[in-house]
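Here is a short tour for someone meeting this structure for the first time. Keep the 3D view open and follow along as we go.

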Amino acid sequence: MTASPAGSHQGAPAGSRLSRFADIRATIWLAAPISVALLVEMAMGVTEYAMAGRLGAAAFAAAGFGAQFLYVPKILAMGALYAVAALGSHAHGAGKPDELLRIVRQGLRLATILSIPVMLVMLSLGPVLRLFAARNPGFELDIVAIEQLMWWALPSVMPFLWFQVLRSFVTVLGRPVAITIIGLSILPVFVGMLYLLMYGAFGWYGMGVPSIGLATTLISWLQLGLGILYVRRFEPFASYPIFAYLRDSDGKLLKEMLVVGAPIAGAYLFETGMFFGSTAAMAGFGTDALAAHNIVLNVTSIIFMIPYALGQAGTVRVGWALGAGRAQDARQAGLTAIGLALLWMLFGALVMWQAPVLLAGFYLDLDDIGNAAALAVAVTLFPIAAIFQFFDGLQVSALGALRGYKDTQVPMVIAFFGYWVIGIGGGIVMAYTFDVRGPGVWWGLAIGLLASGTLLLLRFQHISRRHLPIPA
């Protein structure tokens, strides 16, 4: 492997500093296609919920529970595989294509290995739900439909995780537009496929809720196929024979990838658990409060995709600069990603603060008197969510920048402290002990994210300064 690094857009010529404007432009150029790809994935999830809702309340509940659970173990494995971006960006910035090639190959091996526990977790859901239902006679979820959904989705795990490695590979090389194009091309295919599988047509009677699992499997293999075709046929990717010698294991590199990636998976677990915990806490205040919570959470999730993408861009750009021995550019790249995330979240916060009824109207029929109670709760939650969003943008962008420094263990501890101890713990205390109810849950989340965001920013300042050269 002798090809030189290409497509990095990683910095200024040797001996000069990258200007702030150039850094902002490069960060946006890298983050924009990532954010579009993330929004496409979210659109697929919304499609699943919307189509299942037409089958009735019971099907909607089963589809919502099954689809959410389906992605939890996948997301944890995806967090561990994020080490490909963190380590690969260093190798690419240092002009070491052979090292980047090894990282991507071992990333594909790691994805294959991680697919096994992910599938085992998916298979365990049915027995766990049956045990829970046996002890709780009022439990009404359609366990059979959820179990079938998981079985049909099992073959989706490996192609999904392999595609995450390819996503990191093309992002490290500074060409994430390929992922966006693939996502936009498969979205209409997924919608049509799911419609046909769920409802039936041309003599097909439809599968109902389990069709989500089959559609997920089919689209995952299609997505992977397109990704492989792209990286094998187009430069600079084709210069890297990433699919050769995949049987060759590099134990030392795999261990390093797990050391970096496992804490990222842990942070994902704590974050996912925080939102599951907040939903469970809101359920104690009735269906109207829970409906309002889900509306506000969905809006915040959409807005969150931009700083999440900026955090990923921050990881790669910080890694590029560090690999090239440009510690000052690395610090500037991290601060740029954080600053852009906060700027976007300020815009999102202003929208939520000023237009809560308008936003709720995308989910509720405002003319239906039956939705009045849910609307009233949503209107009280949106201003709190506006504050929550600002600090959520801070923490996710700071996390991304720190991953560029391969700093993942301390940030994971900070995430646990902020998300669970203060976020969920404080929210439950305010909601139930002090009877603040639903708003108390969201104030807990906001304060928890304030704490984690502040600590992560301080951590970034400390780590980035420590890498700066000592003045002569």
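Two residues are in contact here when they have heavy atoms within 4.5 Å of each other. With that in hand, try Ser220: leaving aside residues up to four places away in sequence, Ser220 touches Ser156, Pro159 and Phe160. You'll find Ser220 in helix α8, which covers residues 211–233. Is Ser220 buried or exposed? Anything under 20% relative accessible area counts as buried, and Ser220, at 4%, is buried. One thing to keep in mind throughout is that this is a predicted model.

**A pocket between helices**

Next stop: the second largest pocket, which holds about 150 Å³ of space. Its lining is made up of Ile28, Ala31, Ala32, Ser35, Ile306, Leu310, Leu340 and Trp344. Which helices supply at least two residues each to that lining? They are α1 (20–53), α10 (287–323) and α11 (327–354). The biggest giver is α1, with four residues. As for character, the lining has seven nonpolar residues, one polar residue and no charged ones.

**Two helices with a bend**

Ala31 is worth a second look. Besides lining the pocket, Ala31 is where α1 kinks by about 25°, shortly before the proline Pro33. Helix α9 (251–283) has a bend too: about 30° at Val259, with the proline Pro263 following within four residues. Even so, each of these helices has an end-to-end reach close to the expected span, as the table shows.

| Helix | Residues in helix | First to last C-alpha | Expected span | Bend |
|---|---|---|---|---|
| α1 | 34 residues | 48 Å | 50 Å | about 25° at Ala31 |
| α9 | 33 residues | 46 Å | 48 Å | about 30° at Val259 |

**Around α14**

Now move along to α14, residues 409–433. Its buried residues are Pro411, Ile414, Ala415, Gly418, Tyr419, Gly423, Ile424, Gly427 and Ala431. What covers them? The cover includes α9, α13 (372–404) and α15 (438–467), so α9, the helix with the bend at Val259, turns up again here as part of the contacts, which are counted within 4.5 Å.

On either side of α14 the backbone does something to look out for. In the loop between α13 and α14 sits Lys406, a residue other than glycine with a positive phi near 60°. Lys406 counts as partly exposed, at 33% relative accessibility. Just after α14, Asp435 also has a positive phi, of about 60°.

**Loops to look at**

The loop between α8 and α9 has a couple of backbone details. Pro236 lies in this loop, and the peptide bond leading to Pro236 from Glu235 is cis, with omega near 5°. Tyr245 is in the loop between α8 and α9 as well, and its phi is positive, near 60°, although Tyr245 isn't a glycine. How open is Tyr245 to the outside? At 60% relative accessibility, Tyr245 counts as exposed.

Finally, swing round to Gly95, in the loop between α3 (83–93) and α4 (97–135). Gly95 is partly exposed, with a relative accessible area of 38%. Where does the chain come back to meet this spot? The C-alpha atoms of Gly95 and Gly323 are separated by 7.9 Å, though the two residues are 228 apart along the chain.

Technical notes. Residues numbered from 1 in each chain as written. Predicted model: local features only at pLDDT ≥ 70, side-chain atom pairs only at ≥ 80, totals over all residues. Heavy atoms only, no water. 1 Å grid on protein atoms, 1.4 Å probe; cavity = no way out; pocket = protein on both sides within 12 Å on 5 of 7 lines; lining within 4 Å. Points joined across faces, edges and corners; volume = space filled by probe spheres on them. Nonpolar A, V, L, I, M, F, W, Y, C, P; charged D, E, K, R; others polar. Expected span 1.5 Å × (residues − 1). Bend = angle between axes of the 7 residues up to and from the residue. Buried < 20%, exposed > 50% of the residue type's maximum accessible area, 1.4 Å probe, protein only.
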